[in-house]
Amino acid sequence: MEEEQRAGTAAAGAAEGGQSVKNEEEVKEEDVTHTATQGEEEEDEDALPHSEILDIFEEGLARLVQDPLLCDLPIQVTLEEVNSQIALEYGQAMTVRVLKADGEVMPIVVVQNATVLDLKKAIRRFMELKQQREGGVKHISWRYVWRTYHLVFQGEKLEDDKMRLKDYGIRNRDEVTFMKRLRKK
């Protein structure tokens with residue numbers, strides 16, 4: 001709209017004063033150049049430091065967690081946890097309750113067609129997030145953990161990492177035990 005007005009004004013001025021008429025392309029080029037420099041100035045003025053953007057994002061996530069659908073999530077929620085909870089509500093994921101030897105139950109969310117390896121990765125991610133929130137041990141050797149412990153569902157060891165949880169008969173809210181391996185003599 002502005003371009004048409006400028007072109008019309010330029011043509012009217014040229015007709016009155018005998019000046020040369022700028023064609024539409026020249027007007028557009030000037031407009032684009034003006035807009036680009038104006039946009040750069042606005043970006044410099046509107047740019048926020050990374051820390052402020054993170055604060056705004058975390059505030060937004062905290063408000064999101066107040067939703068009844070997502071109220072089970074911790075205050076320092078990650079986007080991954082929000083997406084997992086939504087997938088759970090839509091039936092695209094399931095919760096596997098992993099019972100540790102000390103009696104703690106870890107609610108691990110995995111997709112419906114997850115493999116044993118996917119479950120192990122989800123357990124690792126769950127523990128990393130828990131450690132970040134609560135402090136504690138800084139490094140866990142997961143190679144050692146999986147050599148020393150295994151997962152058991154209804155007396156059957158989940159040994160094949162490529163096998164799907166469904167093939168073991170694991171469904172939503174089923175309990176899997178985190179059990180120490182017996183030493184072979």
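**View A. H150 in strand 3.** H150 sits in strand 3, residues 149–153 (strands are DSSP E runs of at least two residues, and helices are H or I runs of at least four, numbered from the N terminus). H150 is buried, at 8% relative accessible area (buried is under 20%, exposed over 50%, partly exposed in between, with a 1.4 Å probe and protein chains only). Skipping neighbours within four places in sequence, H150 is in contact with K157, T177, F178, M179, K180 and R181 (contact means heavy atoms within 4.5 Å).

This is a predicted model, so local features need pLDDT of at least 70 and side-chain atom pairs pLDDT 80 or more, while totals for chains, interfaces and linings use all residues. Residues are numbered from 1 along each chain as its sequence is written, and side-chain values use heavy atoms, leaving out hydrogens and water.

**View B. The open sheet.** Its 5 strands go 2-1-5-3-4, with mixed pairing (two strands pair if DSSP finds at least two bridges between them). Strand 2 (105–111) and strand 4 (156–157) are at the edges with a single partner strand each, so one side of each has no neighbour in the sheet. Strand 3 and strand 5 (residues 175–180) run antiparallel, joined by 4 bridges. Y149 stands opposite K180 of strand 5.

**View C. Helix 4 on the sheet.** Helix 4 (residues 79–89) packs there, touching strand 1 (93–99) and strand 2. The directions of helix 4 and strand 1 make about 110° (axes are lines fitted to C-alpha atoms, for helices over the stretch in contact, and angles run from 0 to 180 degrees between N-to-C directions).

**View D. I56 in helix 3.** I56 belongs to helix 3, residues 50–65. I56 is partly exposed, with 49% relative accessible area.
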